[in-house]
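Hi,

Here is the structure I promised to pass on. Have a look at it first, and then read my notes below.

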Amino acid sequence: AKAVTTADMAGRKDVRSWQTVTIDGEDAKDLDDAITLTKEGDCYILGVHIADVTNYVQENSALDREALKRGTSVYLADRVIPMLPRVLSNGMCSLNAGEDRLALSCIMTIDVKGNVVDHQIAETVVNVDERMSYTSVKKILEDRDEAECERYHDLIPMFELMKELSHILRERRHRRGAIDFDFPEAKIILDKKGKPVDIRPYEANTATKIIEDFMLLANETVASEYFWQEIPFLYRVHDTPDPEKIQALAEFIRNFGYGLKGVQDEVHPKELQKLLSRVADSPEEALISRLTLRSMKQARYSTECTGHFGLAAKYYTHFTSPIRRYPDLQIHRIIKENLRGRLNAERIAHYQEILPEVAEHSSKTERRADEAERDTDKMKKAEYMQQHIGEEYEGVISSITSWGMYVELPNTIEGLIHVANLYDDRYYYNENTHEMVGSDLGKVYKLGQSIRVRVLDADKENATIDFVPAAIWG
């Protein structure tokens, strides 16, 4: 790991004097995005500076071939399996505070309505002033924590601007019809031996939203520019859902008194967005949100820019995480060759040939990583509950099936009350009302109903958790 030299900086835009921060989770080590923000007149000047990983990972080198094979970094409960060696991902490429770093920047001029009226994509040199955490920025912007405000006094005006711009961008996306799923993610706390000691919901806050909004905008801006330049490129696409699936969803939600417009034709994301805001805070919110998500297609990588349904965006790509996602690394190469005027007919033909396979492989490795992440989370949750067998919790019925009811606890853990363990009556599943009904005593369990459960069993190997109603067990 060598320091950045004067020769490395030659020909780059020097933005080291700009007030710059990274905002990440406390335990993140691969910091691939930094932010600068100022205001000139009515316009915001937002710089999204992304680590220039391609400077160190040359095309077709051993490093590059291995990175492509992995496709993505995998974030498991207790470890990261990185796409690139740690000396790069946590060292030379990471935008660590106080160090000169090479970056690829998307510098956008944004009006008061959130439209990008001008932008520049450039190779840059950055020097981050502070490595901020989401918690710390939340303390400043939401809690007005005195100690935190005192410590980062000089940065507060920029954070206030960020909050302002983030709100404008979110409103603009909402008007456009972007769908915002608000599932709580689990934060699994492990001890030194990897045993889960606590599990709690990981809530989005002002700071996480700021970063999400700025990254989305940079991704859209880059995608739009390269689409109109008609250069071979990789896009992040999300196709319109199958009409049959939307039809099935519409029929299902009718049971709860909700409707969907435009089901016969192509459904607009705005319709699903309206549905989710209507079910917000209702007993069936979790179930309908999950079913809506399942009725949509999976996002994937493609050489065709067919738009992103969930974000209601015409142009979208993945530009902001080249340390941990191969498609971002791939397009950085194309962008740099284009900026340097090296995209001749031969290079264009080269990219046209390799990109379809890169897109397909990256989509597969991403799905594989997602599954591994979900599986380890489930396993750790079951392992955690093995230590709490016999204990009681308040939960909410999140879904009901013919074989039983799933109950979700406030900490995101979900377990099954098997129908065989409802032994105060003979229960059957009423498909029309989505209720569990006792045939003799007429007791009814409904979606969203609060229920006190006792932990009956937990199996780490099979990643399963069994509950029984506390009242029945006495």
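To get you started: which residue in β18 does asparagine 430 stand opposite? The partner is glutamate 435. One thing to keep in mind throughout is that this is a predicted model.

That pair belongs to an open sheet of three strands, in the order β17-β18-β19 and with antiparallel pairing. The strands at the edges are β17 (427-430) and β19 (444-445), each pairing on one side only. Between β17 and β18 (residues 435-438) there are four bridges, and these two strands run antiparallel.

A bit earlier in the chain you'll find β14, β15 and β16. Strand β14 (residues 392-401) is joined to β15 by five bridges, again antiparallel, and the two make a hairpin with two residues between them. β15 then pairs with strand β16 (residues 414-418), also antiparallel and also over five bridges. That second hairpin has five residues between its strands, and threonine 412 in the turn has a positive phi of about 80°. Methionine 405 is a handy landmark here: isoleucine 400 stands opposite methionine 405 on one side, and isoleucine 417 in β16 is opposite methionine 405 too. β15 itself (residues 404-408) is mostly covered, with four of its five residues buried.

Now for the charged side chains. The count of salt bridges comes to 39, so I'll just pick out a few:

- Arginine 70 and glutamate 66: their closest N and O atoms are 2.8 Å apart. Both sit in helix α2 (residues 62-70), four residues apart, or about one turn of the helix. Arginine 70 has 31% relative accessibility, so it counts as partly exposed, and glutamate 66, also at 31%, counts as partly exposed.
- Arginine 101 and glutamate 99: this salt bridge is 3.3 Å from N to O. Arginine 101 counts as buried because its relative accessibility is 6%, under the 20% cut-off. Glutamate 99, at 37%, is partly exposed.
- Glutamate 160 and arginine 144: here the closest N and O atoms are 2.6 Å apart. Glutamate 160 is in helix α6 (residues 156-176) while arginine 144 is in the loop between α4 (134-141) and α5 (146-151), so the pair ties together parts that are 16 residues apart in sequence. Glutamate 160 is partly exposed at 28% relative accessibility, and arginine 144 is partly exposed at 44%.

There is also a network: salt bridges with shared partners join Arg12, Asp52, Glu123, Lys336 and Arg340.

On to the rings. The structure holds seven aromatic pairs. In one of them, tyrosine 226 and phenylalanine 233 have ring centres 4.7 Å apart and planes at 10°; why does that make the pair stacked? Planes under 30 degrees apart count as stacked, so an angle of 10° qualifies. Both residues are tucked away: tyrosine 226 is buried at 0% relative accessibility, and phenylalanine 233 is buried at 1%. Ring pairs also bring in Tyr235, giving a cluster of Tyr226, Phe233 and Tyr235.

Last one: arginine 236 lies over the face of tyrosine 301, 4.7 Å from the ring centre.

Cheers

Key
Residues are numbered from 1 along each chain as its sequence is written. This is a predicted model: local features need pLDDT of at least 70, side-chain atom pairs count only at pLDDT 80 or more; totals for chains, interfaces and linings use all residues. Side-chain values use heavy atoms; hydrogens and water are left out. A salt bridge is a side-chain nitrogen of Lys or Arg within 4 Å of a carboxyl oxygen of Asp or Glu. Buried means under 20% relative accessible area, exposed over 50%, partly exposed in between (1.4 Å probe, protein chains only). Two strands pair if DSSP finds at least two bridges between them. Rings of Phe, Tyr and Trp (its six-membered ring) pair if their centres lie within 6.5 Å; planes under 30 degrees apart count as stacked, over 60 as edge-to-face and the rest as tilted. A charge sits over a ring if NZ of Lys or CZ of Arg is within 6 Å of the ring centre and within 35 degrees of the ring normal.
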